[in-house]
Amino acid sequence: MAAASDDALVETLIGVFMEIDGLFSTASRQLGLTPQQAQLLCFAQHSQPSFGELATLLHCDKTNITGLVDRLQRRDLITRQPDPHDRRITRVHLTPQGEALTGQFQQAINTTLTTRFSSWPPTQRDSLVHLLRSATTALRP
């Protein structure tokens, strides 16, 4: 079997990204969130990121994070708290309402994706997981 050309690789990866991005956007909007707000909530679920860390994770400028955090804080989904080790740094924490909404979002994504791949045999799904983990590692700076 011949290796995929560079063009085919790029086209396929962009296609996968666009499909998942569409699913992500649909799920976030059904819960009254923008896709970036949903991403921020998901990142805050596993850690208490600083504004700088969020800017890096969301691939945007730190000034954009202030507006995102402000809007989510007004909805009582997150709080700002000073870093216990460096009070110059502010960290984002989920509120109980934020945890609940993030759980609903993740469940919606989980259900959608597992349904889409339910007809695949386990070995094919395992191969996909392995390849996507490798791809994710290769794409990280």
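In what order do the elements of the protein chain run from the N terminus on? Colour the chain by secondary structure and follow along: the pattern is α-α-α-α-β-β-α-α. That comes to 6 helices and 2 strands. Keep in mind that you're looking at a predicted model.

**Stop 1: the whole chain**

Zoom out until everything is in view. The C-alpha atoms fill a box of roughly 55 × 30 × 25 Å, taken along the principal axes. Now switch the colouring to pLDDT. The chain averages 94, and 99% of the residues score at least 70. Where is confidence lowest, and where is it highest? Select H3 for the low end, with a mean of 93, and then H5 for the high end, at 97.

**Stop 2: H2 against H4**

Next, select H2, which covers 35–46, along with H4, residues 62–74. Their axes lie 11 Å apart and the helices pack at an angle of about 80°, so H2 is roughly perpendicular to H4. Show the side chains where they touch. On the H2 side you want Gln36, Gln37, Leu40 and Leu41; across from them, H4 offers Leu68, Val69, Arg71 and Leu72. What kinds of residues make up this contact of H2 with H4? Count 5 nonpolar, 2 polar and 1 charged.

**Stop 3: H2 against H5**

Leave H2 on, hide H4 and bring up H5, which spans 96–116. This time the packing angle is about 110°, with the axes 10 Å apart. That makes H2 roughly perpendicular to H5. From H2, pick out Ala38, Leu41, Cys42, Gln45 and His46. They meet Leu101, Thr102, Phe105 and Gln106 in H5. The residues of this contact divide into 5 nonpolar and 4 polar, with no charged ones. If Leu41 looks familiar, that's because you've just seen it: Leu41 was also on the H2 side of the contact with H4.

**Stop 4: the largest pocket**

Turn on a surface and look for the largest pocket, which holds about 2100 Å³ of space. To find the middle, select Phe17, Ile20, Phe24, Gln39 and Thr136, the closest to the pocket's centre of the 41 residues that line it. Which elements give two or more residues to that lining? Light up H1 (6–30), H2, H3 (51–57), H5 and H6 (122–139). H6 provides the largest share, 12 residues. Colour the lining by class and you'll get 23 nonpolar, 12 polar and 6 charged residues.

**Stop 5: the second largest pocket**

One more pocket to go. The second largest has a volume of about 200 Å³. Select its lining in two batches: Ala4, Ala8, Leu9, Thr12 and Leu13 to begin with, then Leu131, Ala135, Ala138 and Leu139. The elements that give two or more residues here are H1 and H6. How does this lining divide by class? You'll find 8 nonpolar residues, 1 polar and no charged ones.

Definitions and conventions. Residues are numbered from 1 along each chain as its sequence is written. Side-chain values use heavy atoms; hydrogens and water are left out. On a 1 Å grid over the protein atoms alone, a cavity is a set of points where a 1.4 Å probe fits but cannot get out, and a pocket is an open set with protein on both sides within 12 Å along at least five of seven lines; lining residues have an atom within 4 Å of a point. Grid points are joined across faces, edges and corners, and a volume is the space filled by probe spheres set on the points. Helices (H or I, at least four residues) and strands (E, at least two) are DSSP runs, numbered from the N terminus. Ala, Val, Leu, Ile, Met, Phe, Trp, Tyr, Cys and Pro count as nonpolar, Asp, Glu, Lys and Arg as charged, and the others, Gly among them, as polar. pLDDT is the predictor's confidence in each residue, from 0 to 100. Axes are lines fitted to C-alpha atoms, for helices over the stretch in contact, and angles run from 0 to 180 degrees between N-to-C directions. Angles under 35 degrees count as roughly parallel, over 145 as roughly antiparallel, 65 to 115 as roughly perpendicular and the rest as oblique. Contact means heavy atoms within 4.5 Å.
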